[in-house]
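Dear colleague,

I am handing over the structure we spoke about, and below it I have set out what turned up when I went through it. Please read the notes with the structure open beside you.

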Amino acid sequence: MAQQWADDHDGLTVAEAEAFPGYYTLHTLRQDRIEGMLSVNADTGDVWYHSWHGEFQEMSEGD
């Protein structure tokens with residue numbers, strides 16, 4: 001479902017999904033670089049793009 005959504009959004013692809021209770025979250029990629037994030041509801045397949053995050057800056061790992 002996530003890749004179908006990405007196919008409709010100007011050359012985006014998606015990275016591997018991370019499973020959470022009831023949904024999956026994936027990074028959206030443009031030319032193999034993270035551009036954003038989306039989630040897919042595990043039951044309905046509904047996709048929602050995380051537009052509230054703003055532009056991706058960098059990844060960091062918490063302790």
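With which side chain does the side chain of T25 make a polar contact? The partner is the side chain of S39, at 2.9 Å. Before going further, I should say that this is a predicted model, in which the protein chain averages a pLDDT of 84 and 81% of the residues score at least 70. Among the elements of the chain, strand β2 (residues 18-20) has the highest mean pLDDT, at 95, while α1 has the lowest, at 84.

To return to T25, this residue is found in strand β3 (residues 23-30), and because its relative accessible area is 12%, under the 20% limit, T25 counts as buried. Leaving aside neighbours within four places in sequence, T25 is in contact with E16, A17, E18, F20, M37, L38 and S39.

One of those contacts, M37, is found in strand β4 and, with a relative accessible area of 23%, M37 is partly exposed rather than buried. The C-alpha atom of M37 is separated by 5.5 Å from that of H50, although the two residues are 13 apart along the chain.

The largest nonpolar core has eight residues, namely A2, W5, A6, L12, V14, L26, L38 and V40. Two elements give two or more residues to this core, α1 (2-7) and β4 (33-41), and of these α1 gives the most, with three residues. As general background, nonpolar side chains in soluble globular proteins tend to be buried together. Within the core, L26 may be a convenient residue to start from when you look at the model: not counting residues up to four places away in sequence, L26 touches A2, V14, L38 and V40, which are listed in the core, and also A15, E16, A17, G36 and M37.

Lastly, there is the matter of charged pairs, where a search of the whole structure finds one salt bridge. This salt bridge joins the side chains of R30 and E35, with 2.7 Å from N to O. Both partners fall between the 20% and 50% limits and so count as partly exposed, R30 at 29% relative accessibility and E35 at 30%.

With best wishes

Methods
Residues are numbered from 1 along each chain as its sequence is written. This is a predicted model: local features need pLDDT of at least 70, side-chain atom pairs count only at pLDDT 80 or more; totals for chains, interfaces and linings use all residues. Side-chain values use heavy atoms; hydrogens and water are left out. A salt bridge is a side-chain nitrogen of Lys or Arg within 4 Å of a carboxyl oxygen of Asp or Glu. Buried means under 20% relative accessible area, exposed over 50%, partly exposed in between (1.4 Å probe, protein chains only). A nonpolar core is a set of buried Ala, Val, Leu, Ile, Met, Phe, Trp, Tyr and Cys residues joined through side-chain atoms within 4.5 Å. Helices (H or I, at least four residues) and strands (E, at least two) are DSSP runs, numbered from the N terminus. Contact means heavy atoms within 4.5 Å. pLDDT is the predictor's confidence in each residue, from 0 to 100. A polar contact is a pair of N or O atoms within 3.5 Å; within protein, one must be able to donate a hydrogen and the other to accept it, and residues adjacent in sequence count only if both atoms are side-chain atoms.
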